[in-house]
Every structure is written in structure tokens, then in C-alpha cells.
Amino acid sequence: MQLSDFNYTLPPHLIAQHPLEKRTDSRLLEVKAHGDSSAQFIDRTFREIVDLIRPGDLLVMNDTKVIPARLHGKKETGGIVELLIERISGDKQAWVQVRASKVPKTGSIVHIHNQAGETFPVEMIGYDGRFYEVRFPENVLGLLERFGELPLPPYIEHQPTQEDAQRYQTVVAKNPGAVAAPTAGLHFDQAILQQLSDAGVNQAGVTLHVGAGTFTPVREEDLSKHQMHYEWYSVPQATIDAIAQTKHQGGRVIAVGTTSLRALESHATTGQASGETNLFITPGYEFKAVDCLLTNFHLPKSTLLMLVSAFAGMDNIRNAYQHAIDQSYRFFSYGDAMLLTRVPNTNL
């Protein structure tokens with residue numbers, strides 16, 4: 001597999017900069033994959049999801065909550081520094097991405113500040129070749145609440161607003177730790193979840209704290225050399241039991257988003273219900289837990305585009321993305337959704 005196999009050209013005006021008025025106003029592209037290179041595309045609205053998921057199916061959502069993960073500060077020499085939490089690694093420690101004219105050295109101090117004029121020191125304690133490890137003087141989450149800024153993706157060009165604070169979270173978000181939203185879940189509101197429940201669709205949760213590494217460009221043309229970033233996940237026993245019951249009764253496991261899928265497949269692959277995963281899914285991967293995938297449209301050359309290509313077939317995804325571009329779908333975090341179904345295994 002080569003990185004160039006997963007490239008496409010997207011007109012910039014199709015990158016959604018703001019959410020729609022209502023979560024369920026999005027469009028939905030249904031992709032019925034007949035093998036790896038033949039698919040049917042059906043243009044729908046997201047509200048039609050209630051007609052596409054059957055009684056007895058299991059909808060699995062990621063309940064992670066986005067934290068205010070962007071910090072602004074200065075080096076002891078006065079140079080400006082921006083830290084973006086990659087993942088929290090302990091009560092007072094985290095791995096971060098650093099933006100600075102000259103990256104602070106290990107052992108040095110960065111003074112973080114907020115608009116109220118408060119400050120606290122962060123110590124640079126390590127580097128793994130990609131991310132920097134830092135030590136906070138107090139609990140990381142507590143300090144982020146006072147000093148942090150919502151980390152909108154780099155392709156969203158405005159500064160975070162109060163609207164973003166509400167809409168860049170799913171309605172099921174409850175476990176703080178993500179630095180990016182599990183965006184497929186952004187299309188659901190409580191009313192549509194209740195409609196699905198009333199229709200006999202079962203629901204379960206997983207947690208996967210999306211890391212900043214999800215936006216890190218893949219730099220290796222040969223994908224076998226790519227080092228996947230780590231993210232913490234947990235699959236509760238209740239979800240494990242619900243999956244087993246769903247499979248036994250002939251229902252389908254529908255992952256809401258690539259993050260839910262990675263959590264479920266990490267558990268199915270390793271047998272570990274929680275831990276850190278760097279599962280890198282590319283075409284040829286044999287899916288063990290998930291039957292259908294609801295997902296947004298992903299960046300060119302991204303690991304998430306590789307994942308959906310593995311799920312529905314490279315040619316199918318390539319053609320689906322071109323169809324979406326031709327039909328002016330909205331792309332990326334605040335954009336529209338796709339429902340990927342592999343017809344040989346399911347019959348939507």
C-alpha cells in the first residue's frame with residue numbers, strides 16, 4: 001500500500017466551517033458495497049437513518065468528551081509556545097505537540113497563561129521522536145479547564161466560539177479525554193436516539209480518547225513504515241455482552257465513527273477491554289466485530305481514509321468520495337455523513 005493510493009482533490013469550499021442549524025440537518029450518503037469495487041450510492045438526509053437501522057441491531061457510540069486541550073505560553077527566554085495535548089498519560093503528565101520558533105529543551109520550563117492573567121509552569125521532560133512529554137504542577141484536566149482552549153481541527157479557520165463549545169461535542173459525551181470530537185456522533189440528537197430506541201434498535205457505548213495524532217500527516221509513502229499513534233480506549237463489559245447477544249440473534253453491530261470501530265476492533269483483536277491502541281487498519285484487514293460503519297468524510301492521505309477503504313473497498317470509497325464532491329456534500333468534522341454497508345454480509 002502506498003500513501004498516494006489514498007489521495008483525492010477536494011474543492012476548499014466543501015470543507016464545512018460551521019455546524020448546520022440542527023445536528024440532524026446533515027446529509028447522509030448510503031454506500032452499499034457489493035465487494036471491493038462495486039457499490040450503490042443513495043443520497044439521503046441524516047434523519048433517514050431511522051429507516052436504515054433494523055430492530056435488533058446494536059448502535060455503538062463513543063462517549064468521549066473533548067477537553068480544552070490547546071494551551072498558550074512562553075518560554076523562559078520569552079519565546080511564544082503553543083502546546084496541544086496529544087494524550088494525557090497520568091494525573092500530572094501528558095504528551096503534547098509543540099509549536100514554537102524553537103522547541104523548548106528537555107528540562108526547561110514553559111509558563112502557560114490565560115486571558116485572566118493567571119500562569120502556571122509546565123516542565124518539558126521527554127521526547128519520543130514525535131511528541132513531547134510534559135509535567136504539570138497539578139491535575140492536568142483541572143488546569144485545562146482553567147487555561148485551555150477548545151482544539152478545533154486545523155482546517156476550521158475561525159477561533160472557537162460558544163457555538164463550537166456546544167456543537168463540537170456529541171450528546172452522549174461524558175468521559176473527558178479527547179482532543180478531537182468523534183465526529184460521526186455529532187449528527188445525533190437525543191430525539192433521534194429515542195426514535196431509534198423506540199424502533200427496537202439497541203444502543204451501547206465505548207470510550208476512545210481521540211488524540212491529536214489523528215491530524216498528524218502520514219509522511220511515509222510506504223504505509224508499512226508508518227508508525228500509528230496511540231489512543232486510550234475502553235469497551236465496557238455491558239457492551240461486550242450486547243455485541244455477543246446481537247451477533248447471536250442475527251443483528252448487526254453498527255459503529256458510529258472510526259473511533260468506535262477502532263475500540264471494538266482493538267478489543268476483538270487483543271481480548272483487552274481497555275488500554276492503549278495503535279491499531280492501524282488498512283485494506284486487507286479482516287473485521288471481527290463491526291458489520292456497518294457510520295462515518296464522516298475524511299482528509300486525503302489520512303489513516304481514517306485508509307480505514308474506511310479497508311471497510312468498504314478502495315474503489316468503492318474512491319467513487320463514493322467523487323460522488324460526494326459532485327453532489328456538493330460537506331466534508332470533515334462539521335460535514336455530512338456516510339453509512340457504509342457491505343452487502344454480502346448484510347441486506348439493508
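**Exercise 1. Identify the residues that line the largest cavity, and sort them by class.**

Step 1. In this predicted model, the lining of the largest cavity is made up of Pro19, Leu20, Lys22, Arg23, Ser26, Arg167, Leu186, His187, Arg330, Ser333, Tyr334 and Gly335. A cavity is here a set of points, on a 1 Å grid over the protein atoms alone, where a 1.4 Å probe fits but cannot get out, and lining residues have an atom within 4 Å of a point.

Step 2. Residues are numbered from 1 along each chain as its sequence is written, and side-chain values use heavy atoms, with hydrogens and water left out. Since the model is predicted, local features need pLDDT of at least 70 and side-chain atom pairs count only at pLDDT 80 or more, whereas totals for chains, interfaces and linings use all residues.

Step 3. Sorted by class, this lining holds four nonpolar, four polar and four charged residues, where Ala, Val, Leu, Ile, Met, Phe, Trp, Tyr, Cys and Pro count as nonpolar, Asp, Glu, Lys and Arg as charged, and the others, Gly among them, as polar.

Step 4. The space in the largest cavity is about 110 Å³, a volume being the space filled by probe spheres set on the points, which are joined across faces, edges and corners. Three cavities of 30 Å³ or more are counted by this rule.

**Exercise 2. Determine which helix gives the most to the lining of the second largest cavity.**

Step 1. The second largest cavity holds about 50 Å³ of space, and its lining consists of Val210, Thr214, Met228, His229, Glu231, Thr258, Thr259, Arg262, Thr303 and Leu304.

Step 2. At least two of these lining residues come from each of helix 6 (258-270) and helix 7 (303-312); helices (H or I, at least four residues) and strands (E, at least two) are DSSP runs, numbered from the N terminus.

Step 3. Helix 6 gives the most, with three residues. The lining as a whole divides into three nonpolar, five polar and two charged residues.

**Exercise 3. Trace the strand order of the closed barrel, and follow its pairings.**

Step 1. Six strands form the closed barrel in the order 5-6-7-10-9-8, with antiparallel pairing. Neighbouring strands of this sheet are turned by 45° against each other on average, direction ignored.

Step 2. Strand 5 (residues 70-75) is joined to strand 6 (residues 80-90) by five bridges in the antiparallel sense, two strands being paired if DSSP finds at least two bridges between them. Within this pair, Gly73 faces Val81 of strand 6 as its opposite residue.

Step 3. Strand 8 and strand 9 also run antiparallel, joined by five bridges, and Ile109 stands opposite Glu123 in strand 9. These two strands form a hairpin with five residues between them, and Gly117 in the turn has a positive phi of about 90°.

Step 4. Glu123 has a further bridge partner, Arg135, in strand 10. Strand 9 and strand 10 (residues 132-135) are antiparallel and joined by four bridges, and they make a hairpin with four residues between them, in whose turn Gly129 has a positive phi of about 100°.

**Exercise 4. Describe the linings of the two largest pockets.**

Step 1. A pocket is an open set of points with protein on both sides within 12 Å along at least five of seven lines. The largest pocket has a volume of about 730 Å³, and among its 31 lining residues Leu84, Gln97, Pro154, Ala212 and Phe215 lie nearest its centre.

Step 2. Strand 7 gives the most to this lining, with three residues, and the classes of the lining are 16 nonpolar, six polar and nine charged.

Step 3. The second largest pocket has a volume of about 500 Å³. Of its 34 lining residues, Thr214, Phe215, Leu299, Ser302 and Leu304 are the closest to its centre, and the lining divides into 17 nonpolar, 15 polar and two charged residues.

**Exercise 5. Decide how far helix 7 is covered, and by what.**

Step 1. Helix 7 is mostly covered, with 10 of its 10 residues buried, that is, under 20% relative accessible area with a 1.4 Å probe and protein chains only.

Step 2. The cover of these buried residues includes strand 1 (27-33), helix 6, strand 16 (292-296), helix 8 (314-326) and strand 17 (337-342), contact meaning heavy atoms within 4.5 Å.

Step 3. After helix 7 comes Gly313, with a positive phi near 105°.

Methods
Axes are lines fitted to C-alpha atoms, for helices over the stretch in contact, and angles run from 0 to 180 degrees between N-to-C directions. Buried means under 20% relative accessible area, exposed over 50%, partly exposed in between (1.4 Å probe, protein chains only).
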